[in-house]
Amino acid sequence: MRRPGKKRKFYVMTQKYGTRGTGYRLVNKDELLGNSRQILAPPIERRGFQDYLATPIFLSNSKLGHTDRDFQIYSGYWFVSDRMRGVLETVDPQAFAFLACKVQMPDGSGGPLYWLCDVVRVLDALDEEQSEIRIRTASDGSKVYDLLGNPRLIFKESVLGQCHVFRMKFFDAKVICDNEMKLACKAAGLTGLAFPDAS
């Protein structure tokens with residue numbers, strides 16, 4: 001529990017990038033999406049999961065890339081181990097939606113339990129006056145944050161309350177977390193994560 005009056009630090013919660021990509025490949029896309037041209041991604045104008053026609057099946061092949069990490073990004077979602085799911089739900093259960101996946105090993109046997117995960121909490125919590133950030137107008141007239149360069153993001157505690165993880169309303173591609181979530185992931189030894197400073 002956060003101590004009253006103690007200022008929180010915030011981080012971008014993202015993947016640790018390297019020279020190798022993911023070693024997982026979706027093998028039942030046509031069955032999942034009904035032979036459409038859709039991609040595995042959140043529905044338009046909301047976070048979470050579509051009503052898929054089947055359980056996602058991923059082929060695990062270490063020759064293609066990393067297969068031993070707790071956290072990877074796959075087609076707009078997080079792809080997380082069962083133990084990472086446990087950490088996320090312990091710290092902030094209302095922030096996430098999960099979809100169970102089947103993992104298939106190269107020899108056809110079943111692999112470890114993994115989940116597609118989406119951060120579904122979106123908050124208008126940025127203190128625009130205190131932050132150092134460019135604010136632009138999109139072609140449809142909506143407001144968007146320009147996070148290129150090294151922006152300094154300051155968030156309103158009055159809006160965040162006890163939330164530990166969230167997306168920014170006007171730039172929801174980035175996931176922000178506080179120090180409590182970062183420390184929980186580090187204490188659990190979760191792999192594949194990076195936490196660059198957000199402020």
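This passage describes an open sheet and a helix that lies across it in a predicted model. Residues are numbered from 1 along each chain as its sequence is written. Local features were taken at pLDDT of at least 70 and side-chain atom pairs at pLDDT 80 or more, whereas totals for chains, interfaces and linings use all residues, and side-chain values rest on heavy atoms, without hydrogens and water.

Six strands (DSSP runs of E, at least two residues, numbered from the N terminus) form the open sheet in the order β3-β4-β7-β8-β6-β5, with mixed pairing. Its edge strands, β3 (24–26) and β5, each pair on one side only; pairing requires at least two DSSP bridges between two strands. Neighbouring strands are turned by 35° against each other on average, direction ignored, with axes fitted to C-alpha atoms.

Strands β5 and β6 pair in the antiparallel sense over four bridges, and Gln72 stands opposite Phe79 in β6. The loop between these two strands contains Ser75, a residue other than glycine with a positive phi, near 50°. Ser75 is partly exposed at 34% relative accessibility (buried is under 20% relative accessible area, exposed over 50%, partly exposed in between; 1.4 Å probe, protein chains only).

Helix α2 (a DSSP run of H or I, at least four residues) lies across β5, β6, β7 and β8 and runs at about 110° to β6, on a scale from 0 to 180 degrees between N-to-C directions. Within α2 (residues 82–91), Met84, Val87, Leu88 and Val91 are buried. These buried residues fall within an arc of 95° seen down the axis of α2, so they line one face of the helix; the arc is that of the directions from the helix axis to the C-beta atoms. They pack against elements including β5 (71–74), β6 (77–81), α4 (179–187) and β14 (193–194), contact being heavy atoms within 4.5 Å.
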